[in-house]
Amino acid sequence: MRHAYREDIDGLRALAVLSVIGFHFEAPRLFGGFVGVDIFFVISGFLITGIIQTEMRENTFSFARFYERRVRRLLPALYAMIALTAIPSFHYLLTSERLEFFRSAAAAATFTSNFFFWLQSGYFDHAAVEKPLLHTWSLAVEEQFYLALPPILWAVLRLANGRRSVLPIALALIGGASLSLSIWLIATGRSDNAFFMSPPRAWEFLIGSVIAIEGFPVLNNRMLQHSIRGVAVVLILIPVFTYNQYQNFPGYRALLPCTGAAVFIWCGTGIPNRVRHRLSFLSILRFCGQISYSLYLWHWPLFTFARFSKASLTLDIFDKTLLFALTVAISYLSWRFIEQPFRDRSLALTRRAAFRTAGLSTAVLLACSAAGIVTSQTPTGTDRDAITLDAYNSYDVRPIYRAGSCFHYDGGAVDQASCLSAVADKQNVLLWGDSYAAQYYYGLIHTIDPQRVNLMQATQAACMPTLDASAQGNAACRIFAGQMDAFFRDHKPDLVVLSADWLEYARPPRFNGMIADINQTISQLNETGVSVVLLGPGVQFRSRLPSMLMRAHLRQVDADPADFVLPDSFVLDQMMKAALAGERFSYISVVDAVCPARQCPLMIDGRIPLAWDHAHLTAEGSTYVMDRLAPMLGLNK
C-alpha cells in the first residue's frame, strides 16, 4: 500500500541531516547540530505509527510486510556502507582501531551498536573521530523502536475495541515514563545511559506517534499553518545554534527540537505538494531529504578517513567543502542504485527473496567482521614500530590521579583523611578542580619540597571548581561543590590552586557566566584569608596526541606542533587574563610557560607523549609542565 508523499517531511529530513553533518564537519556555530538525530526520531515515530494504524483499520496490516519494508529501507545501504568502509580501514587504521572497527561493524549489523558504544563511553572517551561507525548507534535505537512499536500498537488497538481515547492515552503514558526516565538518568549522573539507550529515547518517537493518531486535531487555516510552521522551525534552530555539548542531553533539553519537529509535521497536514523549479532552494532541500538516509550513513566515515589522510589530522574549510560535495555525490549513488532498487522491488522481487538476501548478507557481514577481528589481534609490520605510542590509547591514569579517593569519575565524596588533611608547620596547598587539575598532582608532588609543603587534592570529573552548587551541570558536581563549601567553612589552606577544562566551560555563550562563577569563588576564599592561584587553559590538541604522533610516524612525516595544537587555548588564555581579578589572587598562563612562541612540546625526551589523549597529561608530561609552573607558584624545591 502506498501512502501519500509529503515534500515537507523531506524538507524536515534535510534540515535534520544537514544539522548533523554541519555539527560533525565542525561548521561555525552549529554546536547543537546533533539534535538532528532527535528530529529523525520524531519523523520515524510519525510515519511508522501512521502506516501501522491505517493498515490495521483497513485490516491489511502484516508484521511480515512491515518488517520487509524495514529490511528494504535500512539494510542494503547500511551494509554497503559498512563493507566499503572496511577497505580503507586496512590502510588508515592502526591495529587497535581496526579491531574496534570490526567489532563495531558486527554490532551495527545486529543493530546493537548503541550498546557497543555505550559500553565504550565515558568521561575520557574523546576518540569519537577515530570511530568510523560511531554514528550507527542511532540506527540501532531506531531499529529497536521498530521491533517494539508494532506489537504495542497492535495490542493496544485490539484491546481498545474502537475506543479512540485508548491509543493516545497509552502512548502518552509510555512517552511520559520514557521522558521521566531520561531526566532521572541525567539528574543522577548517568547521561551516557540516557543518550545511547532506547527506553529513555522512546518518548522522542512517541511525540511523532501521537500526532499521527487518527482524530488528532488538524489545522485547516493555511495562513495559520504557515505561521505556526515558522515558529516550529525557530524551535528547531534554537538548539541547533545554542546547544553545545552532550552533557545533560537528551532529557528535557530534547523537548525543544522534538516539539519543533512534531509541530512542523502537524502543521503540514493537508498542505499539497507543489511543482517547483529543480534548482530552487526548496527543491534542493527536498533532494537532500530524499537522500538523507545515505547522507547520514556516509558523511561520518568519509569525514573520519579524510582526517586520517591528512598529516595533521585536521581539515580546513576547503577540505570540508570538497568532502561535503563528495558526500553528496556518494550518497546520491547509494540512494539511486542501492536504496531505490530494493525499495521499488527491482531487486529482491519477493518478500522471501528480501528476507533471504538480508539473512545471507548479515551472515556474510558477521563472518567478515569475525575474520577482521581475528586478523587485527596482532600488530602488522607497518604499525609495529608505533606499538609504544599505541599503548597510550589505553593509558591508566587512576594511580597518578589517585582515582577513587581524591579523584572521582562519577561522583563520590573526596576522602578527607587521605586527600584533605592539613599538616601543621607546613604550607598547606589545595589542588582543586576537575581532571585537568588531577593531572597536575603527579607533577606537583614530584616537584615540591615535601618537608615544606603539604599537597592536598579535591578533584571531580567534569566539575568546575566553584562554590556555587547551582552553577554545576549535574548532581555529582553539585554534591562536590557542597562538600568543598563545607570544607572551606572549617579549613583555611594557605593556597588554593584552581584548574579545570576552561575551554569546555567557556564555550559560547557561557564565558561570562564562567568568569562570574570563578570571581565569586575567588572573592569568597579571599574573604576568609585564603590565597588563590588559577592555572589558565592547558595545552590541548586537535585530536588524541598519541594517535596523531602514530600517524605521523606511519606516514614518515615530521610532527609539526602548529598542526597539532588547538589554538583556542591561547585565545581563551588572553580572555581569562583580562577578566579575572582578586586581592589575594594570581593568574598563571600555562600555555605561556609551556609553549614559548606558541611552540608546544609534543614528546618528552623524544619518546613519551606530553598527553595521552587530546589534553590530559601523561605522568612525564605532568612533571614537565610542573617543572615550569612550580617556581611561579613558589612551590619548587
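This is a short walk through a predicted model, going from its sheet to its cores and then to a pair of helices.

**Stop 1: the sheet.** Start by colouring the strands. You'll find 6 of them in an open sheet, with parallel pairing, and reading across they go β1-β3-β2-β4-β5-β6. Now pick out residues 407–408 (β1) and 585–588 (β6): these two strands stand at the edges with a single partner strand each, so one side of each has no neighbour in the sheet.

Next, select 427–433 and 495–499. Those are β2 and β4, running parallel and joined by 5 bridges. For a close-up, show W432 and look for its bridge partner in β4, which is L498.

**Stop 2: helices over the sheet.** Add residues 511–527, and helix α23 appears, lying across β2, β4, β5 (531–535) and β6. Its direction makes an angle of about 155° with β5. Then bring in 619–633 for helix α28, which lies across β4, β5 and β6 and also runs at about 155° to β5.

**Stop 3: the cores.** Switch on side chains for L78, L535, F541 and L545. They have the most contacts inside the largest nonpolar core, a set of 155 residues. What does L545 touch beyond its neighbours within four places in sequence? Show F564, L602, P609, L610, A611, D613 and H614, and you have its contacts. There's also a second, separate core, this one of 37 residues; W432, M456, L467 and V530 are among its members. You've already met W432 as the bridge partner of L498.

**Stop 4: α3 beside α13.** Hide the rest and keep 63–92 (α3) and 292–308 (α13). Their axes come within 10 Å and cross at roughly 5°. At that angle, being under 35 degrees, the helices count as roughly parallel.

Which residues of α3 and α13 meet? On the α3 side, select R73, L74, A77, L78, A80, M81, L84, T85, P88, S89 and Y92. On the α13 side, they meet Y293, S294, L297, W298, P301, F305 and F308. Colour that contact by residue type and it splits into 14 nonpolar, 3 polar and 1 charged. L78 turns up here, having already featured in the largest core.

**Last stop: T85.** Zoom in on T85 in helix α3. Is T85 buried or exposed? With a relative accessible area of 2%, T85 is buried, because the cut-off is under 20%. Leaving out residues up to four places away in sequence, T85 touches F101, P132, W298, P301 and F305. W298, P301 and F305 are on the α13 side of the contact you just coloured.

Conventions. Residues numbered from 1 in each chain as written. Predicted model: local features only at pLDDT ≥ 70, side-chain atom pairs only at ≥ 80, totals over all residues. Heavy atoms only, no water. Pairing = 2+ DSSP bridges. Helix = DSSP H or I, 4+ residues; strand = E, 2+ residues; numbered from the N terminus. Contact = heavy atoms within 4.5 Å. Axes fitted to C-alpha atoms, helices over the stretch in contact; angles between N-to-C directions. Core = buried A, V, L, I, M, F, W, Y, C linked by side-chain atoms within 4.5 Å. Buried < 20%, exposed > 50% of the residue type's maximum accessible area, 1.4 Å probe, protein only. Parallel < 35°, antiparallel > 145°, perpendicular 65-115°, else oblique. Nonpolar A, V, L, I, M, F, W, Y, C, P; charged D, E, K, R; others polar.
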